[in-house]
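Subject: Structure for you to look at

Hi there,

Here is the structure I promised to pass on. Could you open it and keep it beside you while you read the rest of this email?

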Amino acid sequence: MIDKPIYVTEPCLPPLEEFIPYLEKIWESKRLTNNGPMHQQLEDALCEYLGVPEIALFNNGTIALLTALQALRITGEVITTPFSFVATAHALTWNGITPVFVDIDPNTFNLDPTKIEAAITPQTTAIMPVHCYGYPCDVKAIQEIADKYNLKVIYDAAHAFGVKDEGGSILRHGDLSAISFHATKVFNTFEGGAIICPDKKTKQHINNLKNFGIVDEVTIVAPGINGKMSEVNAAFGLLQLQYIDKSLENRKSVDNYYRDTLKTTPGISLLNPSSLEKHNFSYFPVLIEKDYPLSRDQLYSLLTENNIHARRYFYPLISHTTQYYSTTKKNNLKFAKLISSKVICLPIFPGIESDSLSKIVSVIRDPLIK
Ligand code: T4K
């Protein structure tokens with residue numbers, strides 16, 4: 001008998017019957033979209049939960065990123081990381097901006113601030129770092145460079161829901177942060193995303209941009225887009241929010257289990273545990289080193305043969321995909337290449353069964369046993 005597949009993630013789905021009353025309200029109101037009551041409630045609830053001043057909901061994280069760049073009128077070149085999901089660079093390209101890829105810090109897998117200055121040119125207008133796997137970037141060093149060269153900072157915070165440093169939510173850093181509520185994220189609205197805004201004025205501007213640039217029936221102030229979240233997605237977010245703390249706790253215990261069971265495995269190294277006020281345990285990356293009996297790709301295949309669908313997030317590097325390889329600026333990407341060639345993200349999600357976890361760990365610990 002083949003075991004059931006274990007995926008890198010599974011969405012958190014509250015009991016279906018608890019969602020029905022939300023749907024009934026939508027049916028009663030006949031309000032399906034365009035800043036309806038569920039949308040407004042979710043914005044308020046998320047501001048409170050995350051501890052951020054203003055949040056503008058979107059239909060997905062990519063449109064949120066695109067709109068954040070539009071809102072700040074970013075042009076020319078933007079310095080970013082190649083060690084991310086393609087949406088990071090695509091958001092720049094769709095805005096006619098050239099991504100300039102800079103190397104990462106091998107300890108955090110985030111953009112290395114010490115490499116940024118060398119990549120700045122007269123065309124550079126902004127830095128777009130990613131809090132990869134929800135581990136915060138060196139926000140202080142990045143802001144210092146931005147201030148020195150008069151650059152904007154837009155964080156791709158797709159992975160960073162609920163993460164806090166000693167000063168509060170990490171989503172408060174930079175000029176804007178964009179987050180994803182995709183099915184694969186710690187907090188999902190099926191599809192969805194948001195921009196975290198520092199004040200009401202910025203949020204109003206972003207609200208105009210995500211609604212075709214409409215201010216009122218006769219006034220269009222910008223070439224806006226349709227980035228609105230529907231009432232069904234927002235309603236699901238409201239329900240999901242009731243389960244988020246439990247879900248993060250559950251993820252933490254999976255993270256602890258992997259750390260305890262894999263820390264002494266020869267050839268496996270782990271990203272340092274987070275010393276944050278609050279981490280979200282969104283991914284569990286491991287690095288496959290030279291002294292491991294298999295290569296990274298051999299281990300990946302072995303896991304797949306065992307119906308364990310781990311993922312090589314992020315391989316290939318964005319800079320090395322067909323889309324970007326020949327056409328975009330790349331600096332020396334030594335560590336990004338190295339980490340990308342060694343990384344595998346193991347399954348982590350609330351509700352993963354203990355049998356699944358022990359199976360994953362035993363395949364990794366004893367890869368040569370058939
Ligand atoms: N910036 C960063 C840094 C990002 O990581 C992302 C998204 C974005 C921006 C853009 O945000 P969005 O526009 O997506 O809101 C997945 C996600 O599709 C993508 O959202 C995510 N990053 C990326 C890291 O991962 P794939 O191609 O790996 O997805 P997929 O469909 O293979 O799903 C992975 C596994 O998750 C499946 O094997 C099973 C499970 N799954 C997936 C879906 C979609 C489910 O159980 N249910 C589902 O509905 O990209």
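Below is what turned up, beginning with the ligand and ending with the backbone.

Please keep in mind that this is a predicted model.

The ligand

The ligand occupies the largest pocket. Two helices, α3 (61–71) and α4 (87–94), are the elements that each contribute two or more residues to the shell around the ligand. That shell is made up of 10 nonpolar, 11 polar and four charged residues. There are 25 residues around the ligand, and those that come nearest are Thr-62, Asp-156, His-159, Ser-180 and Tyr-313.

Which side chains are worth displaying for polar contacts with the ligand? Thr-62 is one of them: an N or O atom in its side chain is 2.6 Å from an oxygen atom of the ligand. For the side chain of His-159, the distance from an N or O atom to a ligand oxygen is 2.8 Å. A second histidine can be added to the view, His-182, with a polar side-chain atom 3.2 Å from an oxygen of the ligand. As for burial, the ligand on its own has 910 Å² of accessible area, and the protein covers 75% of that.

Aromatic pairs

Searching the whole structure gives 18 aromatic pairs. One of them joins Phe-101 and Tyr-324 in an edge-to-face arrangement, with the centres 6.0 Å apart and 85 degrees between the planes. This pair connects distant parts of the chain, since Phe-101 belongs to strand β4 (residues 98–101) and Tyr-324 to helix α10 (residues 322–325), 223 residues apart.

The backbone

As you know, most peptide bonds are trans, and most residues other than glycine have a negative phi. Here are some places to check against that.

Tyr-313, already listed among the residues that come nearest the ligand, is joined to Phe-314 by a cis peptide bond with omega of about 10 degrees. Phe-314 is placed in the loop between β15 (308–309) and α10. Another cis bond runs from Tyr-315 to Pro-316, where omega is near -5 degrees. Pro-316 is also in the loop between β15 and α10.

Finally, have a look at Phe-109, which is not a glycine but has a positive phi, near 65 degrees. You will find Phe-109 in the loop between β4 and β5 (124–128).

Happy browsing, and all the best!

Terms used
Residues numbered from 1 in each chain as written. Predicted model: local features only at pLDDT ≥ 70, side-chain atom pairs only at ≥ 80, totals over all residues. Heavy atoms only, no water. Near = heavy atom within 4 Å. Polar contact = N/O pair within 3.5 Å; in protein donor to acceptor, adjacent residues only side chain to side chain. Areas by Shrake-Rupley, 256 points an atom, 1.4 Å probe, with all protein chains shown as cover. 1 Å grid on protein atoms, 1.4 Å probe; cavity = no way out; pocket = protein on both sides within 12 Å on 5 of 7 lines; lining within 4 Å. Sits in = over half its atoms within 2 Å of the grid points. Helix = DSSP H or I, 4+ residues; strand = E, 2+ residues; numbered from the N terminus. Nonpolar A, V, L, I, M, F, W, Y, C, P; charged D, E, K, R; others polar. Phe/Tyr/Trp six-rings, centres within 6.5 Å; stacked < 30°, edge-to-face > 60°.
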